[in-house]
Amino acid sequence: MKAISLVAALLFFTAFPAQAEIIHFTGNFTHHNNTITLPFSLDNDTEVRLWTDLFLDGLNFDPLLILWAADGSLIGWSDDEPYIEPATQTYGDAGYFELLAAGDYFISLSVSGNFAAGLNLSDGFFFDADVPVSLAPTGEAWSLWLEGVDRAGNGIPEPALLSLLCAGVLVGCALRRRRSR
């Protein structure tokens with residue numbers, strides 16, 4: 001039983017990067033009204049840096065970052081403000097640098113102009129009801145960086161992680177049966 005607990009704890013803690021690491025998420029938007037919203041958590045009051053590096057001096061789409069509190073209320077947004085200044089960030093990228101209190105937050109990434117439709121995340125975004133327009137002529141890749149956060153992501157283990165966890169449980173059960181004989 002200790003082996004199962006150890007495997008489960010190891011998988012849980014390796015699924016979330018520790019603070020001081022820079023967390024990088026990437027993917028593709030196919031249309032102008034696509035939005036991604038990721039949760040992140042802070043264990044202590046911390047200065048966080050959130051930024052994009054996908055504009056590529058106009059070779060890709062123009063990003064917009066929106067920061068939300070745990071209750072979904074709007075904290076602020078950033079568009080065309082690369083004051084975070086990592087080497088890969090260009091003039092059309094978004095950046096957010098802020099001292100945040102310990103707690104849970106959300107960061108949304110969308111195409112510039114697709115602002116929050118209200119003061120709450122549940123209000124959606126300006127382009128939600130639009131007929132989707134392809135981003136293919138300019139570029140579809142998105143890239144979002146978070147620094148200073150303790151945990152980030154969707155919190156739902158990926159299928160490969162679930163498979164690994166199930167395999168660990170089965171091995172643990174087999175070992176337990178073998179010991180009891």
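How many residues lie between β4 and β5 in the hairpin that the two strands form? In this predicted model, the hairpin has 4 residues between β4 and β5. One residue of the turn, G72, has a positive phi of about 90 degrees. The two strands run antiparallel and are joined by 5 bridges. Within this pairing, L64 of β4 stands opposite D79 in β5.

Strand β4 (residues 63-69) also pairs with strand β7 (residues 103-111), again in the antiparallel sense, over 7 bridges. L65 stands opposite L109 of β7. In a regular strand, side chains alternate between the two faces of the sheet. For β4, one side carries P63, L65, L67 and A69, and the other carries L64, I66 and W68. The residues on both sides are all buried, and both faces of the strand are therefore covered. With 7 of its 7 residues buried, β4 is largely enclosed by the rest of the structure.

Strand β5 (residues 74-79) contains S78. This serine is buried, with a relative accessible area of 1%, which falls under the 20% limit for burial. A polar atom of the S78 side chain lies 2.6 Å from the backbone oxygen of G95. With neighbours within four places in sequence left aside, the contacts of S78 are L64, L65, A94, G95 and Y96. Of these contacts, L64 and L65 are among the buried residues of β4.

Nonpolar packing was examined next. The largest nonpolar core has 26 residues, of which F40, L50, I107, W142 and L146 touch the most other members. The elements that give two or more residues to this core are β1 (22-28), β2, β3, β4, β6 (95-100), β7 and β8. Another core, of 5 residues, lies apart from the largest one, and L64, I66, A116 and F125 are among its members. Both L64 and I66 belong to one side of β4, together with W68.

For W142, contacts beyond four places in sequence are made with F25, T26, G27, N28, F29, I36, L54, F61 and L109. L109, listed among these contacts, is the residue of β7 that stands opposite L65.

The structure holds 2 salt bridges. In one of them, D43 is joined to R151, with the closest N and O atoms 2.7 Å apart. This pair links distant parts of the chain, 108 residues apart: D43 is in the loop between β2 (35-42) and β3 (46-52), and R151 is in strand β9 (residues 151-152). D43 is partly exposed at a relative accessible area of 43%, and R151 is also partly exposed, at 28%.

The side chains of E147 and R49 form a salt bridge as well, with an N to O distance of 2.5 Å. Because E147 lies in strand β8 (residues 141-147) and R49 in strand β3, the pair ties together parts that are 98 residues apart in sequence. The relative accessible area is 22% for E147 and 22% for R49. Both residues count as partly exposed, since buried residues must fall under 20%. Strands β3 and β8, which carry R49 and E147 respectively, are also among the elements that give two or more residues to the largest nonpolar core.

Definitions and conventions:
Residues numbered from 1 in each chain as written. Predicted model: local features only at pLDDT ≥ 70, side-chain atom pairs only at ≥ 80, totals over all residues. Heavy atoms only, no water. Buried < 20%, exposed > 50% of the residue type's maximum accessible area, 1.4 Å probe, protein only. Polar contact = N/O pair within 3.5 Å; in protein donor to acceptor, adjacent residues only side chain to side chain. Contact = heavy atoms within 4.5 Å. Pairing = 2+ DSSP bridges. Salt bridge = Lys/Arg side-chain N within 4 Å of Asp/Glu carboxyl O. Core = buried A, V, L, I, M, F, W, Y, C linked by side-chain atoms within 4.5 Å.
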